[in-house]
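Let's take a walk through the open spaces of this protein and see what sits around its ligand. Have a look at the structure first, then read on.

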Amino acid sequence: MDEQSLSRKGAAFYSHLLPALHTPAWKRNRVAGDGWLAVGDAAGLVDPITGEGLYYAMRSADLGVRALLTDLHERTEHTYRRLLRRDFAADLEFGSRLASHIFHGKFLFGSVPSRMVQFTRRSPLFTRVMQDLFAGTQDYLGLKRRLMSNLHGSLFEIATSFGFGRSLPRPVPTQES
Ligand SMILES: Cc1cc2nc3c(=O)[nH]c(=O)nc-3n(C[C@H](O)[C@H](O)[C@H](O)COP(=O)(O)OP(=O)(O)OC[C@H]3O[C@@H](n4cnc5c(N)ncnc54)[C@H](O)[C@@H]3O)c2cc1C
């Protein structure tokens, strides 16, 4: 803004809280009860890393309706919780454990988000993982395995981008990459 000579004087700043739950909150999160059922943001169903919630709002509504149609009486809460967990809630809960490492952790003497942006710039393999993560086609539960199986290839691409490629052995392509 300073570069573009845009003044901040008197400007209104906006922010919005996203209902992204911490790991302990996932354990005690109630999504349904006697005569009620919560979906989307109201149920805390937001990706704890990306803050995205549109898909989870619609999907939880879908699963909520299924639970109501399956168990019209006292077991609706149990069925809804089970459907959510099996579909995406277990992955979001695991993501909540990763969130603090991502936002507050350090990797190679720098913050994790900075390193992620730098790796994305320099490694097409790493870029594909990030694209899949944000598109929702890569879950958090399988992320570590994919990153580890791509590690050699990503490091090779990063080294190549700095001009060190010839002094390193070429990685063997894996199925994941
Ligand atoms: C700035 C911002 C950017 C975002 N970007 C993305 C994104 O890029 N991708 C993504 O996936 N998610 C994004 N999200 C999150 C996403 O918008 C929410 O997770 C999603 O909209 C939740 O849907 P919902 O139906 O649960 O709640 P909402 O969309 O909030 O719907 C709740 C509705 O209930 C109404 N309401 C509230 N109280 C009452 C009442 N007492 N009586 C009647 N009506 C009431 C509200 O007016 C509102 O229309 C973003 C959120 C914000 C704030």
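## Around the ligand

Start with the ligand in this predicted model. A backbone N or O atom of Leu54 sits 3.0 Å from one of the ligand's oxygen atoms. On its own the ligand has 1000 Å² of accessible area, and the protein covers 32% of that. Next to Leu54 in the numbering, Gly53 offers a polar backbone atom that lies 3.0 Å from a nitrogen atom of the ligand. Asp41 joins in with its side chain: an N or O atom there is 2.7 Å from an oxygen atom of the ligand.

Who else is in the neighbourhood? The residues surrounding the ligand are His16, Leu18, Gly40, Asp41, Gly51, Glu52, Gly53, Leu54 and Ala57. Sorted by class, that shell holds 3 nonpolar, 4 polar and 2 charged residues.

## The largest pocket

Now for the largest pocket, which offers about 740 Å³ of space. It has 24 lining residues, and the ones closest to its centre are Phe107, Val112, Met116, Phe126 and Leu147. Nonpolar residues make up 18 of the lining, alongside 3 polar and 3 charged ones.

Which elements build this lining? At least two residues each come from helix H3 (76–104), strand E3 (106–107), helix H4 (112–122), helix H5 (124–135) and helix H6 (143–161). The most generous is H6, with 8 residues. And where does the largest pocket lie with respect to the domains? Both domain 1 (23–103) and domain 2 (106–167) give residues to the lining, so the pocket lies between them.

## The second largest pocket

The second largest pocket comes in at about 330 Å³. Among its 19 lining residues, Asp47, Tyr55, Tyr56, Gly136 and Thr137 lie nearest the centre. Helix H2 (54–70), H3 and H5 are the elements that give two or more residues to this lining. This time H3 gives the most, with 4 residues.

How do the residues of this lining divide by class? There are 9 nonpolar, 5 polar and 5 charged residues. Both domains take part here too: domain 1 (23–103) and domain 2 (106–167) each supply at least three residues to the lining of the second largest pocket.

Conventions: Residues numbered from 1 in each chain as written. Predicted model: local features only at pLDDT ≥ 70, side-chain atom pairs only at ≥ 80, totals over all residues. Heavy atoms only, no water. 1 Å grid on protein atoms, 1.4 Å probe; cavity = no way out; pocket = protein on both sides within 12 Å on 5 of 7 lines; lining within 4 Å. Points joined across faces, edges and corners; volume = space filled by probe spheres on them. Nonpolar A, V, L, I, M, F, W, Y, C, P; charged D, E, K, R; others polar. Domains from an automatic or database assignment. Near = heavy atom within 4 Å. Polar contact = N/O pair within 3.5 Å; in protein donor to acceptor, adjacent residues only side chain to side chain. Areas by Shrake-Rupley, 256 points an atom, 1.4 Å probe, with all protein chains shown as cover.
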